[in-house]
Structures are given as C-alpha cells and as structure tokens.
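Student: I should like to work through this model by question and reasoned answer. Could we begin once the structure is displayed?

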Amino acid sequence: MGCEDADSLLDRLSASKLLEWLRFGEIEPYGGKIDQFQVAGLRAQVANYLSKKGDKPFESSDFIVGYRPKTQVKPMSVEELYKRFTRR
C-alpha cells in the first residue's frame, strides 16, 4: 500500500475515504473475511469428490467454524440502497 506502517496510512487516509472502504467491504467483502469462505469452498469440493455415491453433498458452510447462515434477505430497491449509503 506504499506505507511503512498502519499509523502512516491513517495519517494520509481521510475519514471519508476510510468510511468509503468500510461501506465497500459490506457490499463486496475482501481480505481475511472472504478467505475463509474460499478455503471452505475448496474443502467442500474435495470432501464431495472423496465421498461415497449417494451421500449427502457437503456445503461450504460445513467447513467454517461458528458459521451460521443468515436468514433470507429481502432484495433492496434502488431507493433503499441510495438511502443506506448516503446517510451521514
């Protein structure tokens, strides 16, 4: 990132830019948060490949410790999305 440590990054990063990155992370997770889902997907593929025919297939969530799927999420309208990301 072109910085020697986190403090120098925070000195150059404005609050609005930091907030923008946090909001982006809510929509499109990145970094360590998503890594566990990618690895879990690979584990599920290997487990399904090695399982016996007729066994219930594994899902990615079977390989994430403490993971509980969210309840059904209602899609947001354009207006709701706009309100969510423009409130101060």
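Student: Which residues of α3 are buried?
Tutor: The model is a predicted one. To count as buried, a residue must have under 20% relative accessible area. In α3, the residues that are buried are Ala40, Gly41, Ala44 and Ala47.

Student: Within what arc do the buried residues of α3 fall, seen down its axis?
Tutor: An α-helix has 3.6 residues a turn, so residues three or four places apart point the same way. The buried residues of α3 line one face of the helix, because the view down its axis places them within an arc of 135°.

Student: Which residues of α3 are exposed on the other side?
Tutor: Exposed residues have over 50% relative accessible area. On the side of α3 opposite to the buried residues, those that are exposed are Gly32, Gln38, Leu42, Gln45, Tyr49 and Leu50.

Student: How far apart are the end C-alpha atoms of helix α3?
Tutor: Helix α3 covers residues 32–50, which makes 19 residues. At 1.5 Å a residue, the expected span is 27 Å. The separation of the end C-alpha atoms agrees with this, at 27 Å.

Student: Which geometry do Trp21 and Tyr30 adopt as an aromatic pair?
Tutor: The structure holds four aromatic pairs. For Trp21 and Tyr30, the ring centres are 6.1 Å apart and the planes meet at 70°. An angle over 60 degrees defines the class, so this pair is edge-to-face.

Student: Which residues form one aromatic cluster with Trp21?
Tutor: Trp21 is partly exposed, at 48% relative accessibility, and Tyr30 is also partly exposed, at 43%. The cluster that includes Trp21 is completed by Phe24 and Tyr30.

Student: Which helix gives the largest share of the nonpolar patch?
Tutor: Leu10, Leu18, Leu19 and Leu22 make a nonpolar surface patch of about 360 Å². Leu18 is partly exposed, with a relative accessible area of 37%, and is found in helix α2. Three residues of the patch, its largest share, come from helix α2.

Student: What separates Glu20 and Lys17 in helix α2, in terms of helical turns?
Tutor: These residues form a salt bridge in which the closest N and O atoms are 3.5 Å apart. Glu20 is partly exposed at 48%, and Lys17 is partly exposed at 42%. Because they stand three residues apart in helix α2, their separation is about one helical turn.

Student: Which helices does the salt bridge between Arg84 and Glu26 link?
Tutor: The closest N and O atoms of Arg84 and Glu26 are 3.3 Å apart. The pair links distant parts of the chain, 58 residues apart, with Arg84 in helix α4 and Glu26 in helix α2. Arg84 is partly exposed at 32%, whereas Glu26 is exposed at 51%. The helices linked are therefore α4 and α2.

Student: Is Lys74, the salt-bridge partner of Glu80, buried or exposed?
Tutor: The side chains of Glu80 and Lys74 meet at 3.5 Å, N to O. Glu80 is partly exposed, with a relative accessible area of 33%. Lys74 has 61% relative accessibility and therefore counts as exposed.

Student: What distance separates the C-alpha atoms of Pro57 and Ser77?
Tutor: Pro57 is found in the loop between α3 and α4 and is exposed, with a relative accessible area of 53%. Pro57 and Ser77 are 20 residues apart along the chain, and their C-alpha atoms are separated by 34 Å.

Methods: Residues are numbered from 1 along each chain as its sequence is written. This is a predicted model: local features need pLDDT of at least 70, side-chain atom pairs count only at pLDDT 80 or more; totals for chains, interfaces and linings use all residues. Side-chain values use heavy atoms; hydrogens and water are left out. Helices (H or I, at least four residues) and strands (E, at least two) are DSSP runs, numbered from the N terminus. The expected span of a helix is 1.5 Å times one less than its number of residues. Buried means under 20% relative accessible area, exposed over 50%, partly exposed in between (1.4 Å probe, protein chains only). The arc is that of the directions from the helix axis to the C-beta atoms. Rings of Phe, Tyr and Trp (its six-membered ring) pair if their centres lie within 6.5 Å; planes under 30 degrees apart count as stacked, over 60 as edge-to-face and the rest as tilted. Patches are made of residues with over 30% relative accessible area and no salt bridge: like charges are joined within 9 Å, nonpolar side chains (Val, Leu, Ile, Met, Phe, Trp, Tyr) within 5 Å. Accessible areas come from the Shrake-Rupley method with a 1.4 Å probe; for residues, only the protein chains shown count as cover. A salt bridge is a side-chain nitrogen of Lys or Arg within 4 Å of a carboxyl oxygen of Asp or Glu.
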